[in-house]
Amino acid sequence: MRIVSIFIFLVQFHFGFGQQQFDTAAVIKFQNELNAEYADSKTSPLMAEDLATFKSLEFYPANETFYVVAKFVRTKKEKPFEMKTSTDRKPIYVKYGEVYFKINGSDFKLNVYKNIALSKQENYKDHLFLPFSDLTCGNDSYIGGKYIDLKIPKGKTIAIDFNTSYNPYCAYNHKYSCPIVPLENDLNIEIKAGVKKFHY
């Protein structure tokens, strides 16, 4: 199951890792599971008034353009750091690697991170966190950017499906504490994939 609630600091991580080739059915499954979580009062981050009328999140149409197989470069000797969040909370992360990929012929790079506390849990020791922002943020997408969850690759490439990017819980409810996308992970392109912003 892709969606798992695990963090005591009112942060949600969505676990599940990309297939090796683009799969529209996998994107639809991701969307259905996310909608089911948000519709359930036990797992939803929505405020009570929004939950009462909730029917579905809005998504960009599944688009193979935003599924990439990136070159993965493991970065070593990185020092753990306090990642800024929407509150005073400062969880400890470490930069784990860099991913290099092309979209529509243009080259891009993003950093991927590991949450130190989370990685100590056996079930999530291979989990990587990919926060990013792009030119849709503040328009069709949440102004604060989006997240993708990945698994440490066994080789030198890693599949990244932006169609499974999701909003921080802060996009729905101010009570949550969410990591802020680092400036180096801002992409100079419109990534029209994944969850759109809530409440136009």
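Guide: Let's start with a term: a disulfide here is a pair of cysteine sulfur atoms within 2.5 Å. Keep in mind that this is a predicted model.

Visitor: Okay, how many disulfides does the structure hold?

Guide: In general, a disulfide is a covalent bond between the sulfur atoms of two cysteines. This structure holds 1 disulfide. The partners are Cys 170 and Cys 178, with their sulfur atoms 2.2 Å apart.

Visitor: Is that disulfide of Cys 170 and Cys 178 right-handed or left-handed, and why?

Guide: Look at the torsion about the S-S bond: for Cys 170 and Cys 178 that angle is about 105°, so the disulfide is right-handed.

Visitor: What about Cys 137, and why is there no bond to Cys 178?

Guide: Check the distance. The closest cysteine sulfur to that of Cys 137 belongs to Cys 178, but the two are 14 Å apart, which is too far for a bond.

Visitor: Are these cysteines buried or exposed?

Guide: The cut-off you need is this: buried means under 20% relative accessible area. Cys 170 comes in at 18% relative accessibility, so Cys 170 counts as buried. Cys 178 has 4%, so Cys 178 is buried too. Cys 137, at 17%, also counts as buried.

Visitor: Now the nonpolar cores. Which residues have the most contacts inside the largest one?

Guide: The general idea first: in soluble globular proteins, nonpolar side chains tend to be buried together. Here the largest nonpolar core has 24 residues, and those with the most contacts inside it include Val 99, Phe 101, Ile 103 and Ile 160. Several strands feed this core with two or more residues each, among them β3 (67–74), β6 (106–115) and β9 (157–161). The biggest giver is β5, with 4 residues.

Visitor: And is there another core? What does it include?

Guide: A second, separate core has 20 residues, and Cys 178 from our disulfide is one of them. Phe 59, Met 83 and Ala 171 are in that second core as well.

Visitor: Back to the largest core: what does Phe 101 touch?

Guide: Leaving out residues up to four places away in sequence, Phe 101 touches Val 68, Ala 70, Ser 106, Asp 107, Phe 108, Leu 110, Phe 162 and Leu 187.

Visitor: One last residue: where is Asn 111, and is Asn 111 buried or exposed?

Guide: You'll find Asn 111 in strand β6. Its relative accessible area is 5%, so Asn 111 is buried. The Asn 111 side chain makes a polar contact with the side chain of Lys 95, at 3.4 Å. Beyond four places in sequence, Asn 111 also touches other residues, including Gly 97, Leu 130 and Glu 184.

How values were computed. Residues are numbered from 1 along each chain as its sequence is written. This is a predicted model: local features need pLDDT of at least 70, side-chain atom pairs count only at pLDDT 80 or more; totals for chains, interfaces and linings use all residues. Side-chain values use heavy atoms; hydrogens and water are left out. A nonpolar core is a set of buried Ala, Val, Leu, Ile, Met, Phe, Trp, Tyr and Cys residues joined through side-chain atoms within 4.5 Å. Buried means under 20% relative accessible area, exposed over 50%, partly exposed in between (1.4 Å probe, protein chains only). Contact means heavy atoms within 4.5 Å. A polar contact is a pair of N or O atoms within 3.5 Å; within protein, one must be able to donate a hydrogen and the other to accept it, and residues adjacent in sequence count only if both atoms are side-chain atoms.
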